[in-house]
Structures are given as structure tokens and as C-alpha cells.
Amino acid sequence: MFQSQQFDLLLYQLMISDEDFGLLDNPKLKLHIAMKKKVIITACDFFTLDFSLVLAMAASVSTYLVMFVQFGRPIVPRN
């Protein structure tokens, strides 16, 4: 875990357990925590749908398109 992730986790835990110092009322800390949320999309928890998967799918589609164009039937003009 990176130091920034450890800091965010510690800050979040401090804000939750804080009763005396009013950390929850600090708008800058609220904004910091809100900006650090990550959205993770999964397919029924089998695998995550992230940028690398989308990039691999686009690469596969473009490869197949190139193959179809190269091995497609040549266009024969009608007489």
C-alpha cells in the first residue's frame, strides 16, 4: 500500500472516531476524502472492468478488423 493510501485510510479512521476536535466539520478534509473515492466496476465479482480491459478489447477488435480487410474477398468489377 502506498503512503498516500495509508494516509487517506488513517485520516478517514480519525475522522470517523473523532468526537472532540471536529474533524468531520472541516470542509477541506471532507473534500479530500470525497476526491479520493475510487469506483470499481466488477462483473459479478469475477473480474474488474477497468481501462486495461477496455484497451485489450479495443486492440482485439481492431486486429480482427485488419484481418477481415486483408483476407476479405477482392471486389471484382462487373462487366
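**A walk from the pocket to the loop**

The largest pocket has a volume of about 310 Å³. This is a predicted model, and the pocket is our way in. Rolling a probe the size of a water molecule over the atoms shows where empty space is left.

Who lines this pocket? Ten is the count to look for: the lining holds 10 residues. Gln5, Asp8, Leu9, Lys36 and Lys37 lie nearest the centre of the pocket. By type, the lining splits into four nonpolar, two polar and four charged residues. Which helix gives the most to the lining? Helix 1, spanning residues 3-17, does so with five residues.

Now pick one of those central residues, Asp8. Asp8 sits in helix 1. Is Asp8 buried or exposed? Its relative accessible area is 16%, and buried means under 20%, so Asp8 counts as buried. Set aside residues up to four places away in sequence, and Asp8 touches His32, Ile33 and Lys36. Lys36 is also among the residues nearest the pocket centre.

Follow the contact to His32. His32 belongs to helix 2, which runs over residues 27-35. The side chains of Asp8 and His32 are joined by a polar contact of 2.8 Å. Here a residue of helix 1 meets a residue of helix 2. His32 has further partners. Leaving out neighbours within four places in sequence, His32 is in contact with Phe7, Asp8 and Leu11. Tyr12 gives another view of the fold: Tyr12 and His32 are 20 residues apart in sequence, and their C-alpha atoms are 9.8 Å apart in space. His32 has a relative accessible area of 25%, which falls between the 20% and 50% cut-offs, so His32 is partly exposed.

Next, move along the chain to the loop between helix 2 and helix 3, where helix 3 covers 51-71. Cys44 is found in this loop, and so is Asp45. What is the phi of Cys44? The angle is positive, about 55 degrees, although Cys44 is not a glycine. Asp45 has a positive phi as well, near 60 degrees, and Asp45 is also a residue other than glycine. Exposed means over 50%, so Cys44 counts as exposed at 67% relative accessibility. Asp45 is exposed too, with a relative accessible area of 68%.

Finally, step back to a longer span. An unreviewed UniProt entry annotates residues 39-69 as "transmembrane region". In the model, that span is 61% helix and 0% strand. The C-alpha atoms at the ends of residues 39-69 lie 38 Å apart.

Methods:
Residues numbered from 1 in each chain as written. Predicted model: local features only at pLDDT ≥ 70, side-chain atom pairs only at ≥ 80, totals over all residues. Heavy atoms only, no water. UniProt positions renumbered as here; feature names shortened; annotations may be inferred. Helix = DSSP H or I, 4+ residues; strand = E, 2+ residues; numbered from the N terminus. 1 Å grid on protein atoms, 1.4 Å probe; cavity = no way out; pocket = protein on both sides within 12 Å on 5 of 7 lines; lining within 4 Å. Points joined across faces, edges and corners; volume = space filled by probe spheres on them. Nonpolar A, V, L, I, M, F, W, Y, C, P; charged D, E, K, R; others polar. Buried < 20%, exposed > 50% of the residue type's maximum accessible area, 1.4 Å probe, protein only. Contact = heavy atoms within 4.5 Å. Polar contact = N/O pair within 3.5 Å; in protein donor to acceptor, adjacent residues only side chain to side chain.
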